[in-house]
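Pull up the model and have a look around with me. We'll go from overall layout down to the cores.

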Amino acid sequence: MTEETKPVNPDKALDRRQFFTKLGLGSLSIAAAGTAAFAYQFLEPNVLYEPSPVVNAGKTDRYPLDSVTLDVNSGIYIIHSQEGYFSLSAVCTHLGCLTAWKPELGIIACPCHGSKFKQNGEKIEGPAPKPLPWKRIWLNDDGDLLVDRSTDVPPLQRESFVRV
Amino acid sequence: MATKTVDQYFDDLRGTRVWRSIFRSGTGSSTLKRALAIQQNVFLHLFSTKVRTRMLSFSATWYLGTLTLGTFLILVATGIPLMLYYHPSAPQAYADTKDLQFVVSSGLFLRNLHRWSAHAMVFLVFAHMFKVFYRGAYRPPREFNWVIGIVLLLITLLLSYTGYLLPWDQLAYWAITVGSNIASAVPLMGSKIHFLLLGGNAVNANALLRFYVLHCMILPLTAMFFVAIHFWRIRKDGGLYSHGSEPATLRAKTTVPSMEAQ
């Protein structure tokens, strides 16, 4: 007699209340995770209206031999060295300030926190952790120098220069 | 019939049906009525109904927390009118800032008041924290309110940082370039945070809009939320900290003997 009135719920089985509590909490957790995922996706822009990474630097005769030319708008240097033309990023590897070429010292210097680089991008000193990266440079069919700011190339390698 | 005093006119006003429908505590200045006036007001009920008189003296707190709230209120009151002339778009933001400076009536005054109050608020937040720290007012049971205070310090700094971009001049551009690159130093997810903060790879139109929304909506609302908790916790933690209010056992452990004599 007494055996029948006992709850049919020894250890493992859930009673109805526990089941619905778990179901409710589980659904809410899934909804919360979904909301977080949607929020993250929403905050990440899918389309960017940013300038193209490829910059037209013009004809090679704009750059005399042994010159370092900064293009302020695109943040790159076009350097005409004995080995040929190459391009360096002008954006400091420390915190992203625009560096400047100091002709009287023959170095590239950052105005923000005093990092210094050689003409080939190598780091001389300063808080910058890395050298200035070399950017891919090539000539198009019209004889214009093009630089792809999104692509780094190994420094001082034959294929990193443009020779005319 | 005797003429009424001004106080009696106020008492009559407090007795009217309209007044009583808004403020329930009623007339009279008994301790109970005055306590009820605080307790039954949605804004004031955050505070204690009773305060020790000496805690209201200047030397107790130097009024630093209240002054911080004051600068925050000035910033809200000047910031909202500034929003009426400012478009958070790359072609217009700088021109609007110059208009506010040179063309809009009282624009210069509002903008400068906003700027100086922002500087003052950062200073006062730090001063408030030093005062709380050196008085030992951060100790139990007030340790959680210190944590809320740290959150409010961070919100204050973020408000200053996001507001810095809005004039959209060279100073703003490079300051945010440098500042957002600091965020990329976070391990593993640094560049992702940088990208989400700016809404792009560089400080651009998206970044300006995001900083505007953070500066004018998200951060002020978050600040108000935490300020409310901050004030409520003062009451919950037994009122403003005073040296004599601590249990004698705790006081014995933490004070220099010469201070006991005072």
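What follows walks from chain A as a whole to its nonpolar packing.

A quick word on bookkeeping: this is a predicted model, so local features need pLDDT of at least 70 and side-chain atom pairs count only at pLDDT 80 or more, while totals for chains, interfaces and linings use all residues. Residues are numbered from 1 along each chain as its sequence is written, and chains are lettered from A and ligands numbered from 1 in the order in which they are written.

Chain A has 2 helices and 10 strands, taken as DSSP runs numbered from the N terminus (helices H or I, at least four residues; strands E, at least two). Both helices come ahead of the strands. The C-alpha trace spans about 105 × 40 × 25 Å along its principal axes. Its radius of gyration is 30 Å, against near 15 Å for a compact globule of 164 residues; that's over C-alpha atoms, with the globule rule being 2.2 Å times the number of residues to the power 0.38.

Buried residues come to 21% of chain A, buried meaning 20 or more other C-beta atoms within 10 Å of a residue's own, with C-beta atoms placed from the backbone.

Now for the packing. The largest nonpolar core has 24 residues; such a core is a set of buried Ala, Val, Leu, Ile, Met, Phe, Trp, Tyr and Cys residues joined through C-beta atoms within 7 Å. Strands E1, E3, E4, E9 and E10 of chain A each give two or more residues to this core, and E3(A) gives the most, with 4.

Methods: Buried ≥ 20, exposed ≤ 12 C-beta atoms within 10 Å, placed from the backbone.
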